[in-house]
Amino acid sequence: MTASLAIRYTALAMAVDKELLEILACPICKEPVDLVALSEGRRTEVRDKYREKFRGEEPVVDEGLRCRKCGRIYPVVSDIPVMLVDEAFEEG
Ligand SMILES: [Zn+2]
């Protein structure tokens, strides 16, 4: 529990790069995730949701991380992967 929380917060503080992609995993399935482009509608939705958390700074939302097993997509907001079950969605 404590270890997984530490990993979660480390991931949140790091930008998405290849090395990070290799260690990120779906918190439900513990399976690898792939970087995917989000639809325009989904980008707008995520941007609107995060705007107030960013306190005036416009969140940058272009991509998400899709679980290879369950297909849930975790948004990447201003280069920060949000690997939280409550924030995940299914594209389509
Ligand atoms: Zn999954």
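Strands β2 and β3 pair in the antiparallel sense, with 4 bridges between them. One of the contacts that can be picked out along this pairing is the bridge between R66 and its partner I73 in β3. The two strands form a hairpin in which 5 residues separate them, and G71, in the turn, adopts a positive phi of about 80°. This description rests on a predicted model, and confidence in the chain is highest in β3, at 96.

The hairpin belongs to an open sheet of 4 strands, arranged in the order β1-β2-β3-β4 with antiparallel pairing. Its edges are formed by β1 (33-37) and β4 (80-81), each of which pairs on one side only. On one side of the hairpin, β1 and β2 are joined in the antiparallel sense over 5 bridges, and here V36 has G64 in β2 as its bridge partner. On the other side, β3 and β4 pair, again antiparallel, over 2 bridges; V77 stands opposite I80 of β4. Helix α3 packs on this sheet and touches β2 and β3, its direction making about 100° with that of β2.

How enclosed is β2 by the rest of the structure? Of its 7 residues, 5 are buried, so the strand is largely enclosed. The edge strand β1 offers an example of an exposed position. A37 lies in β1 and is exposed, because 11 other C-beta atoms lie within 10 Å, where a residue with 12 or fewer counts as exposed. Leaving aside residues up to four places away in sequence, A37 touches D62 and E63. The C-alpha atoms of A37 and G64 are 6.3 Å apart in space, although 27 residues separate the two in sequence.

Attention can now turn to the interior. The largest nonpolar core comprises 15 residues, and V33, L65, Y74 and V77 have the most contacts inside it. Two or more residues of this core come from each of α3 (40-51), β2 (61-67) and β3 (73-77), with β3 giving the most, at 4 residues. V77 is a helpful residue to follow through the model: besides standing opposite I80 in β4, V77 touches V46, Y50, P59, V61 and V82, not counting residues up to four places away in sequence. Among these neighbours, V46 and Y50 fall within the α3 range of 40-51, while V61 falls within the β2 range of 61-67.

Taken as a whole, the chain contains 3 helices and 4 strands, and its elements run α-α-β-α-β-β-β from the N terminus on. Buried residues account for 22% of the 92 residues in the chain. Of the contacts between residues at least 6 apart in sequence, 52% join residues at least 24 apart. The mean pLDDT of the chain is 85, and 82% of its residues reach 70 or more. Where, then, is confidence lowest in the chain? The lowest value belongs to helix α1 (residues 2-13), with a mean of 53.

Technical notes
Residues numbered from 1 in each chain as written. Predicted model: local features only at pLDDT ≥ 70, side-chain atom pairs only at ≥ 80, totals over all residues. Core = buried A, V, L, I, M, F, W, Y, C linked by C-beta atoms within 7 Å. Buried ≥ 20, exposed ≤ 12 C-beta atoms within 10 Å, placed from the backbone. Contact = placed C-beta atoms within 7 Å. Pairing = 2+ DSSP bridges. Axes fitted to C-alpha atoms, helices over the stretch in contact; angles between N-to-C directions. pLDDT = per-residue confidence, 0-100.
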